[in-house]
Each structure stands twice: as C-alpha cells, then as structure tokens.
Amino acid sequence: MKLEICANSYQSAKNAQEAGAHRIELCQELSVGGVTPSYGLLKQVIENLDIPVFVLIRSRSGNFVYSDAEFKTMKNDIQLCKDLGCQGIVSGVLNADKTIDLKRTIELVELSKPLAFTFHRAFDAVANPKEALEQLIDLGIDRVLTSGQETSAELGIDLIKELNKISNGRVTILVGGGVSAKNAAKFKAAGLDEIHASASTTIKADDALFSLPLTYSDPQKIKAILDAI
C-alpha cells in the first residue's frame, strides 16, 4: 500500500521524504482545504527533494465552480508545474448542479499530460458518485481522492469499497480524510492500494491578530502510518 502525504510547506515535504512516504501532494492553507502552492515553494521542493511531487491546482478556497478568470489561472499553474518538473496534478471542476464539469476537467487533464492526474475531493460533493466515477474513468483520470462523501474516510468506507469494486482496476481510489495510524490498516484490509493523509501536528503559537494555527506533517505520525500498513 502507498502513502501520499498532503504537505503544506517545505518542512512538511522534507519530513514526508525522510519518514519514507511514497509521494506528496503539495499545497498550502490546509485550514481551507488547500490551495495551489506558491512558485517559490514549488521550486524549493522540486530542486531540493527527491520525493515524487503531485501539486494541488485550486485557485481559491470555497466551492469547485470557477469563473473564466479563475480557470485560466488554474491552467497557467498547471503549465508552470510541468515546466518545473512536477510528477502529477491534483485538481477538478464541478458544475453548479453538483455534476462534474466534463469540458473543463478534460481541458485540465489534456493540459497536464504526460503527468498523472488525480481528481481531488470535489468528488465528495457530487450528487451521483457512481456515475461520476465512470465519467472520470472515461476521461482518463489516474486516481480519485475521496472520503466516501463523509466527513472522514472511516465513516465513508462502505462507499469507498463500492467505488473500488466498480473501478475494477481502471482507476486508483485514493482514500483520504482523517486517515491515521489508528485506521490505516482498515483500508488496506478492504483492498485499497493507496491512502492520503496530512499526518499533521499543530505548532503552538502566541495569539496574533490574523493568525490561524500552524501545522506541519509530523515524521513520527508518518512513520506510524507506514508501520500500520
């Protein structure tokens, strides 16, 4: 089983590599679900680390229905990631009616080639996940990140197992959402091949006017997950 660490900083990415994770999804601002990392962070991680880097392409927090300007930003970011030498793209677009925006998603997939493409947890907001999975398979998506449309993957494990059965090897179901050393073995036992976790620890900080709690991917937590699987 492979472990992908959702890394929100250079230190988190470095910790993931040193702890033995198989790859990272690089992003920033995990408190809002993650947004596209800065150019400086991308360049620093790719130039200094050897771990495979998948990059979250999400121009803002909130929903997954984007304006033309926001979508253009996402396409520019994908091209930048390719130029810098990333190994994968993590993104996705929905329509207002909670269906996959097939036209825009295929644009992102085509632009990302030859990099691997993960459709992220926008999938957990779709109205019909089984239909959506077949659509994504038809688009040539490599993996789908999902918590089984629940607040945690552990709660959504029944749907996750059903989706994995439907996929039948045609796409990888990447399990994410509250994955930890305590429950990682459950997903392996259920026949899943990949899990996704931030393995975060909060940094204690003094209160400040604009601050939110800072977190980092903890190497001890990463090693504990790897030991569990």
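Let me begin with the lining of the second largest pocket, whose residues divide into 5 nonpolar, 6 polar and 1 charged, and let me say at once that what we have on the screen is a predicted model. That second largest pocket has a volume of about 280 Å³, and if you would like to follow along in the sequence, its lining consists of N8, S9, Q28, E29, L30, S31, I203, S211, L212, P213, L214 and T215.

From there I would like to turn to the largest pocket, for which the computed volume is about 490 Å³. This pocket is lined by 23 residues, and those closest to its centre are L30, G33, R121, L145 and H196. You will have noticed that L30 is named here among the residues closest to the centre of the largest pocket, and that L30 also belongs to the lining of the second largest one. As for the character of the lining in the largest pocket, the division by class is 11 nonpolar, 8 polar and 4 charged residues.

Now to the helices, where I will take two packing pairs in turn, with α3 as the partner that they share.

In the pair of α2, residues 39-48, and α3, residues 68-84, the axes come within 10 Å of each other and cross at roughly 25°. Because angles under 35 degrees count as roughly parallel, α2 is described as roughly parallel to α3. The crossing in which α2 passes α3 is right-handed. On the α2 side the contact is made by Y39, L42, K43 and I46, and on the α3 side by L80, C81 and L84. Which classes of residue make up this contact of α2 with α3? There are 6 nonpolar residues, no polar ones and 1 charged residue.

The other pair is α3 with α4, the latter spanning residues 102-112, and here the helices pack at an angle of about 20° with their axes 9 Å apart. That angle, again, makes α3 roughly parallel to α4, and the crossing of α3 past α4 is likewise right-handed. From α3 the contact draws on D68, F71, M74, K75, I78, Q79 and K82, while α4 contributes R104, E107, L108, L111 and S112. By class, the residues of this contact between α3 and α4 divide into 5 nonpolar, 2 polar and 5 charged.

To leave you with one pairing to look at on the screen, the contact of α2 with α3 includes 1 charged residue, whereas the contact of α3 with α4 includes 5.

Terms used. Residues are numbered from 1 along each chain as its sequence is written. This is a predicted model: local features need pLDDT of at least 70, side-chain atom pairs count only at pLDDT 80 or more; totals for chains, interfaces and linings use all residues. Side-chain values use heavy atoms; hydrogens and water are left out. Axes are lines fitted to C-alpha atoms, for helices over the stretch in contact, and angles run from 0 to 180 degrees between N-to-C directions. Helices (H or I, at least four residues) and strands (E, at least two) are DSSP runs, numbered from the N terminus. Angles under 35 degrees count as roughly parallel, over 145 as roughly antiparallel, 65 to 115 as roughly perpendicular and the rest as oblique. A crossing is left-handed if the near helix is turned anticlockwise from the far one by less than a right angle, and right-handed if clockwise. Contact means heavy atoms within 4.5 Å. Ala, Val, Leu, Ile, Met, Phe, Trp, Tyr, Cys and Pro count as nonpolar, Asp, Glu, Lys and Arg as charged, and the others, Gly among them, as polar. On a 1 Å grid over the protein atoms alone, a cavity is a set of points where a 1.4 Å probe fits but cannot get out, and a pocket is an open set with protein on both sides within 12 Å along at least five of seven lines; lining residues have an atom within 4 Å of a point. Grid points are joined across faces, edges and corners, and a volume is the space filled by probe spheres set on the points.
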